[in-house]
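Colleague: Got a minute to go through this fold with me? I'd like to talk about the sheet and the cores.

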Amino acid sequence: MYQAPRGTQDILPEDQPYWEFVRSTAADVCRRYGFERLDIPLFEETSLFVRGVGEGTDIVDKEMYSFEDKGGTELTLRPEFTAGVIRAYIEHGMHTRPQPVKVFSIGPAFRYERPQAGRFRQFHQLNVESIGEQDPLVDAEIISVMWSFLEALGFGGLLLQLNNIGCPACRPAYMQALQDYYRSHVDELCEDCRRRLERNPLRLLDCKATGCQPLIAGAPRSTNHLCADCSQHFARLRAYLDELGRPYELNHRLVRGLDYYTKTVFEVWAEGIGAQNAVCGGGRYDGLTEELGGKPTPGIGVACGLERLVSLLRQQERPVPPPQRPLAYFAYRGDSARLAALRAVEALRSLGAAAEIAFGDRSLKAQMKAANRSGAGWAAILGDDELARGVAVVRSMRDSEQVEVPLGELASWLAARVTQP
Ligand SMILES: [Zn+2]
Ligand SMILES: [Zn+2]
């Protein structure tokens, strides 16, 4: 017996209304903010992610699905969207378009992680990027689009976690302060943090080990080491958030351990979504486009995992638009009635309505049961008597009222009743 690979799941027809609700809400909210859809390949050259996500990150070091294709090219299933989006921005010369270029993507990404509740190796993200503008108003907009998305899904108690990790001008001095602080506590560090101290000091701040927590609480904060530019950017962003009434907490543990991440880093937390694994996080990456071979171009993006949102919507039994039910179900008795029903159901479908027809040699009673189960608004019943008179019996499935409709008008008569009885 085959099973879906570890860390993957089937999204069954009965789950689809939740997914469709999440996807259509995402597209609608992005449209309101002026983001256009961009689809990028599921795989890219491995080196794009090594440079774009960064060596030394868990994603690149441990979690990528990498393979050599039959032509000898090293490829990787996308573990996130930003690197591919920036590759597309550079490749298509989007710097010549009005800036910022505002795009969103939605679809699967792949990471070889230890599967656990709500975490998958093939998972889905809504990813939103705004490329080419450094105005902090753009940061406020990126935060707002994710905020509005969660709100539109019905999540409450939203809280923004905010930090500013500086820029190439001010970060070296901060890193020095951080390393000095940690070097004086090296005996208290966990094994991972000892490695981080030399390799990637910013990541010391997001260590999850219990023993490291007191050290993190006392560590120097990036926001106390900002240059004038970063400081002004941060102050203006906070003023915009105040203006919008979006509550935020300064969280100096939010970091991105790579040089091309700059200034704003944030997560959006919602009630019921554990703070431990924030589903929505993002930040500014003013150095990334250049790192990937483009002109220096500021940018900011955010990604939101969708599995957790869908499972919460289901758990909480939130009302979502129901799956489509057929407008009509065609039942028949006899071979010539079956042919007439076949012509009529196809005619109704060609008019744009959903319609079903009975299969097999079932009794009319069994066919009517099937009509009921299908949730159809109407049943069209064809028998030899009706056929001889050139009509069909149409029964309302709600109140069992019946009318006779001329066969030639059956499809258009039903199609005119798209609002179900
Ligand atoms: Zn700075
Ligand atoms: Zn640690």
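What follows is a short chat about a predicted model.

Colleague: Which strands sit at the edges of the five-stranded open sheet?

Modeller: The sheet is open, with mixed pairing, and its order reads β13-β12-β14-β15-β16. An edge strand pairs on one side only. That fits the two ends of the order, 355–357 and 402–406, so going by how strands count as paired, the edges are β13 and β16.

Colleague: And what is the bridge partner of Ala331 in β14?

Modeller: Start with the strands: β12 covers residues 328–332 and β14 covers residues 378–382. They run parallel to each other, paired over five bridges. Within that pairing, Ala331 is matched in β14 with Ile381.

Colleague: Helix α13 packs on the sheet too, so to speak; what angle does its direction make with that of β12?

Modeller: Helix α12 (residues 335–350) packs on the sheet, touching β12, β13 and β14, at about 170° to β12. Helix α13 (residues 364–374) also touches β12, β13 and β14. Its direction makes an angle with that of β12 of about 175°.

Colleague: Which helix gives the largest share of the largest nonpolar core?

Modeller: That core has 83 residues, and those with the most contacts inside it are Val128, Met146, Phe149, Leu150 and Cys304. Phe149, beyond its neighbours within four places in sequence, touches Thr25, Ala26, Val29, Leu126 and Cys304. The largest share is nine residues, and they come from residues 136–152, helix α5.

Colleague: How many residues are in the other core?

Modeller: It lies apart from the largest one. Among its members are Ala328, Trp378, Leu382 and Ala411. The count is 27 residues.

Key:
Residues are numbered from 1 along each chain as its sequence is written. Chains are lettered from A and ligands numbered from 1 in the order in which they are written. This is a predicted model: local features need pLDDT of at least 70, side-chain atom pairs count only at pLDDT 80 or more; totals for chains, interfaces and linings use all residues. Helices (H or I, at least four residues) and strands (E, at least two) are DSSP runs, numbered from the N terminus. Two residues are in contact if their C-beta atoms, placed from the backbone, lie within 7 Å. Axes are lines fitted to C-alpha atoms, for helices over the stretch in contact, and angles run from 0 to 180 degrees between N-to-C directions. A nonpolar core is a set of buried Ala, Val, Leu, Ile, Met, Phe, Trp, Tyr and Cys residues joined through C-beta atoms within 7 Å. A residue is buried if 20 or more other C-beta atoms lie within 10 Å of its own, exposed if 12 or fewer, and partly exposed in between; C-beta atoms are placed from the backbone.
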